[in-house]
Amino acid sequence: LQVKVADLSRVNNDMNNLLAGTGIGTVFVDHHLHILRFTPAVSEILNLIPSDVGRPVSHILSNLIDYDRLKEDTQAVLDTLRPQEREVQIGKGRWFVMRILPYRTLANVIEGAVITFMDITEMHTAREALHRTSELLRRLAVVVRDARDAITVQDLDGGIRAWNPGAVRM
């Protein structure tokens, strides 16, 4: 019995270190949407403290901007067993992919839901920069296309690589 307790303690320690070490904010809730456990990384997103274990998700004040459907979305996942995913933002311009999935046991029994928050701030920033650049290039293309003057693009050897309708008319 003592060996099994030591093994169980080791597994619990491993699981706690794994969850804390990933940096992915995670909240486990039961069927009644009461918080069972959470990782430290979720604290800045949902303002959770250790005494929040056992409290309903609906009582939590989050730092999420323009998103107040955590309870409803989590309940929908439990009702339909269909995962949900959305991008959410907290202050300081930080963005996360929030995923809500059913919590399945090894026996494939649903015992609640798992809510995860993965930081995508860098990806979101790059996407926004790409969108701005794309928009600028689109505007430039319209100007070049509609210009009455002949415009050509040449390579370093003087070969013409592209031209606008003005160059065709000329």
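**Reading helix 3 and its surroundings**

Tutor: The buried residues of helix 3 (residues 70-80) are Leu 70, Asp 73, Thr 74, Val 77 and Leu 78. Buried means under 20% relative accessible area, exposed over 50%, and partly exposed in between (1.4 Å probe, protein chains only). Helices (H or I, at least four residues) and strands (E, at least two) are DSSP runs, numbered from the N terminus. This is a predicted model, in which local features need pLDDT of at least 70 and side-chain atom pairs count only at pLDDT 80 or more, while totals for chains, interfaces and linings use all residues. Residues are numbered from 1 along each chain as its sequence is written, and side-chain values use heavy atoms, with hydrogens and water left out.

Student: Why are the buried residues of helix 3 on the same side?

Tutor: An α-helix has 3.6 residues a turn, so residues three or four places apart point the same way. In this model, the buried residues cover an arc of only 140 degrees around the axis, which puts them on the same side of helix 3. The arc is that of the directions from the helix axis to the C-beta atoms.

Student: Which elements do the buried residues of helix 3 pack against?

Tutor: Contact means heavy atoms within 4.5 Å. The buried residues of helix 3 pack against helix 2 (43-46) and against strand 1 (25-29), strand 4 (84-90), strand 5 (94-104) and strand 6 (110-119).

Student: What does Asp 73 touch?

Tutor: Asp 73 belongs to helix 3 and counts as buried because its relative accessibility is 3%. Not counting residues up to four places away in sequence, Asp 73 touches Tyr 67, Gln 84, Arg 86 and Ile 100. Its side chain also makes a polar contact with the side chain of Tyr 67 (2.6 Å). A polar contact is a pair of N or O atoms within 3.5 Å; within protein, one must be able to donate a hydrogen and the other to accept it, and residues adjacent in sequence count only if both atoms are side-chain atoms.

Student: Which residue with a positive phi follows helix 3?

Tutor: Leu 81 follows helix 3, and its phi is positive, near 60 degrees.

Student: Is Asp 66, in the loop between strand 3 and helix 3, buried or exposed?

Tutor: Asp 66 is exposed, with a relative accessible area of 79%. Although not a glycine, Asp 66 has a positive phi of about 55 degrees. Leu 33 is not a glycine either and has a positive phi of about 65 degrees, but Leu 33 is buried, with a relative accessible area of 5%.
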